[in-house]
Amino acid sequence: MASPPRCRRWSPLALAGALISLAWRPAALAQSVFVRPDQNRPAGLALLLERDIADGKQALGVFGITADPVQPQVWRIKVWEELPNDVKVRSETVQCSPTAPLRVTNDGRSLILRELNPGGVVTTANRIDHLVWWATCFPEQAGKDPNSLRSLARELGYSGTRMEREQVVPASNL
């Protein structure tokens, strides 16, 4: 006759040790399944900025540029914001018209409309807007310093004298 199975009693200390060993994973194992964002950039990405930072690369690019079927000079784009351990992809709209150059973006909480001045002064405050705008409206200029494109902007009909403005619309108002 077989003896009934015995239940093994675990001491609280042994149980805690067993749980910790199950929860703990070496860093090498975690890294083996981690995929670096810079190795998975989308096809057709126009890289606008890339720089080395502490844990890897920081990058910004645009891809998926498609014309709006109804509004001429309006483009739908995807903006790729990359950090070594994170990627954010936003859908945006860019208007290329010489009379109303515009970037419509968001920060996850609000819709942000930025009226731009191609051919005007580009500073650290508006540099990203201009990089995205040039890459969308004139892809052959993607990644170039917008300050170096002033004369080209004027040749293309942009005055370089427009006042840049920003309007923020909270998502609760949409």
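## Strands β4 to β7 and a disulfide

In β6, Arg114 is the bridge partner of Arg103. That pair is a good way into this predicted model, since the strands around it can be followed from one neighbour to the next. Strand β5 covers residues 102-106, and β6 covers residues 110-115. Welcome to a short tour of these strands, with a stop at the disulfide formed by Cys96 and Cys137.

**β5 and its partner β4**

- Strand β5 is mostly covered, with 4 of its 5 residues buried.
- On one side of the tour lies β4, residues 86-95, which pairs with β5 in the antiparallel sense over 3 bridges.
- If you would like a specific contact to look at, Gln95 has Leu102 of β5 as its bridge partner.
- The connection from β4 to β5 is a hairpin that runs through 6 residues.

**From β5 into β6**

- Strands β5 and β6 run antiparallel and are joined by 5 bridges.
- Besides the arginine pair, Asn106 has Leu111 of β6 as its bridge partner.
- These two strands also form a hairpin, with 3 residues between them.
- Take a look at Gly108 in that turn, where phi is positive at about 90°.

**The two faces of β6, and β7**

- Side chains alternate along β6: Ser110, Ile112 and Arg114 point to one face and are buried.
- Leu111, Leu113 and Glu115 point to the other face of β6 and are not buried.
- Arg114, the partner of Arg103, therefore belongs to the buried set, where buried means under 20% relative accessible area.
- Strand β6 also pairs with β7, residues 165-170, in the antiparallel sense over 6 bridges.
- Within that pairing, Ile112 stands opposite Val168 of β7.

**The disulfide**

- A search of the whole structure turns up 1 disulfide.
- It is formed by Cys96 and Cys137, whose sulfur atoms are 1.9 Å apart.
- The link between Cys96 and Cys137 is left-handed, with -90° about the S-S bond.
- Cys96 sits in the loop between β4 and β5, while Cys137 is in helix α3 (residues 127-137), so the pair ties together parts that lie 41 residues apart in sequence.
- Cys96 and Cys137 are both buried.

Definitions and conventions. Residues are numbered from 1 along each chain as its sequence is written. This is a predicted model: local features need pLDDT of at least 70, side-chain atom pairs count only at pLDDT 80 or more; totals for chains, interfaces and linings use all residues. Side-chain values use heavy atoms; hydrogens and water are left out. Buried means under 20% relative accessible area, exposed over 50%, partly exposed in between (1.4 Å probe, protein chains only). Two strands pair if DSSP finds at least two bridges between them. A disulfide is a pair of cysteine sulfur atoms within 2.5 Å.
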